[in-house]
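Welcome to the tour! Open your viewer, switch to a cartoon view, and keep the sequence panel within reach.

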Amino acid sequence: MSEQQYFKFSNQVVVAPLLAVLSIWTIFLMELRFHVNLNGYGVYPRTFSGLKGIFLSPFIHGSVEHLYNNTIPLAVLTASLFFFYRKIALRVLLWGIFLSGLLTWVIGRPSFHIGASGIIYVLASFIFFKGIFSKYYRLVALSLIVVFIYGSLLWYIFPVKDGISWEGHLGGFITGLLLAIFAKAEIPSPKKFDWEKEDYNEEEDEFLQQFDENGNFIEKKDPKDTENETVRITYYLKREPKDKARE
């Protein structure tokens with residue numbers, strides 16, 4: 001697949017993050033409108049009833065601040081996923097929700113774990129590691145951008161702050177790494193210049209033939225023009241100053 005075909009814009013790049021953001025905001029506004037608290041639908045580790053939170057917890061948030069902090073990263077990373085890895089994007093997203101939620105259910109503290117931060121860690125981890133593993137310059141550049149913007153997220157996979165589900169973050173980070181390893185993505189073949197090809201021969205290169213072994217440009221003339229060439233010689237007469245001439 002060529003670069004032009006691979007990096008082709010599609011409606012998914014806009015629709016997917018838009019749906020993700022609308023879903024979490026709609027759920028939160030419904031809680032406010034009908035005065036209900038859906039925190040009980042989060043992941044509650046190592047209980048049968050807590051398994052439902054694996055699929056429901058990413059849509060539930062405890063406050064406006066919690067919701068706002070997750071909105072922009074979710075939109076940016078989802079758009080990046082569907083643009084750079086559109087053929088496996090939906091698969092990565094669904095498996096990311098399931099595996100990160102399951103890991104949270106296994107390792108989490110006995111409390112309700114809610115929020116889309118788990119899937120944010122899945123996306124950030126997947127995009128970073130997949131780009132590094134691919135060794136493709138544009139995807140590696142994307143990985144570096146993710147590190148530059150969201151590198152500070154790494155601290156929150158550890159229990160550094162009370163009230164934050166570091167288990168959900170850690171589960172998302174590990175899930176993203178696993179998906180980067182096992183999810184197969186077709187990487188575009190970069191355009192190669194003639195000198196990069198295996199069968200390249202310098203002696204047959206028309207461009208290099210214009211230079212000598214020292215790198216000096218060789219000016220070639222048409223033999224016909226040489227035969228009919230007229231040589232013009234111009235003489236200049238330099239006169240001495242009048243005063244000096246009189247002496």
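Where does His35 lie? Select His35 and you will find the loop between α2 and α3. Keep in mind as you look around that this is a predicted model.

**Stop 1: the loop between α2 and α3**

Stay on His35 for a moment. His35 is not a glycine, and yet it has a positive phi of about 55°. Show its surface too: with a relative accessible area of 72%, His35 is exposed.

Now select Arg46, which has its place in the loop between α2 and α3 as well. Arg46 is not a glycine either, and its phi is positive, at about 60°. Its relative accessible area is 47%, and 50% must be passed to count as exposed, so Arg46 is partly exposed.

The next pick is Leu51, again in the loop between α2 and α3. Leu51 has 28% relative accessibility, which makes it partly exposed. Add Trp105 to the selection and draw a line from C-alpha to C-alpha: the two are 54 residues apart in sequence, but 7.2 Å apart in space.

**Stop 2: the whole protein**

Zoom out and colour by secondary structure. How many helices and strands does the protein have? There are 10 helices and 0 strands, so the pattern along the sequence reads α-α-α-α-α-α-α-α-α-α. Of the 247 residues, 34% count as buried. Take contacts between residues at least 6 apart in sequence: 76% of them join residues at least 24 apart.

**Stop 3: a residue on helix α2**

Select residues 12-34 to light up helix α2, and pick out Leu19 within it. Is Leu19 buried or exposed? Leu19 is exposed, with a relative accessible area of 54%. Then add Ala75. Leu19 and Ala75 are 56 residues apart in sequence, while their C-alpha atoms are 9.2 Å apart in space.

**Stop 4: helix α7 and its buried face**

Select residues 137-150, the 14 residues of helix α7. At 1.5 Å a residue, α7 should span 20 Å, and its end C-alpha atoms are indeed 20 Å apart, so the two values agree.

Which residues of α7 are buried? Colour Leu139, Leu142, Ser143, Val146 and Tyr150. Turn the view until you look down the axis of α7: these buried residues fall within an arc of 100°, which means that they line one face of the helix. Here is a handy rule: an α-helix has 3.6 residues a turn, so residues three or four places apart point the same way.

Rotate to the other side of α7 and you will meet Leu144 and Phe148, which are exposed. To see what covers the buried residues, show α1 (3-6), α4 (64-84) and α6 (117-134), which are among the elements found there.

**Stop 5: where α6 meets α8**

Keep α6 on screen and add helix α8, residues 166-182. The two pack at an angle of about 35°, and their axes are 7 Å apart. α6 passes α8 in a right-handed crossing.

Now show side chains where the helices touch. On the α6 side, the residues include Tyr121, Val122, Phe126, Phe129 and Phe133. Among their partners on α8 are Gly168, Gly172, Phe173, Gly176, Leu177 and Ile181. How do the residues of this contact divide into nonpolar, polar and charged? The count is 10 nonpolar, 8 polar and 1 charged.

Note on methods:
Residues are numbered from 1 along each chain as its sequence is written. This is a predicted model: local features need pLDDT of at least 70, side-chain atom pairs count only at pLDDT 80 or more; totals for chains, interfaces and linings use all residues. Side-chain values use heavy atoms; hydrogens and water are left out. Helices (H or I, at least four residues) and strands (E, at least two) are DSSP runs, numbered from the N terminus. The expected span of a helix is 1.5 Å times one less than its number of residues. Buried means under 20% relative accessible area, exposed over 50%, partly exposed in between (1.4 Å probe, protein chains only). The arc is that of the directions from the helix axis to the C-beta atoms. Contact means heavy atoms within 4.5 Å. Axes are lines fitted to C-alpha atoms, for helices over the stretch in contact, and angles run from 0 to 180 degrees between N-to-C directions. A crossing is left-handed if the near helix is turned anticlockwise from the far one by less than a right angle, and right-handed if clockwise. Ala, Val, Leu, Ile, Met, Phe, Trp, Tyr, Cys and Pro count as nonpolar, Asp, Glu, Lys and Arg as charged, and the others, Gly among them, as polar.
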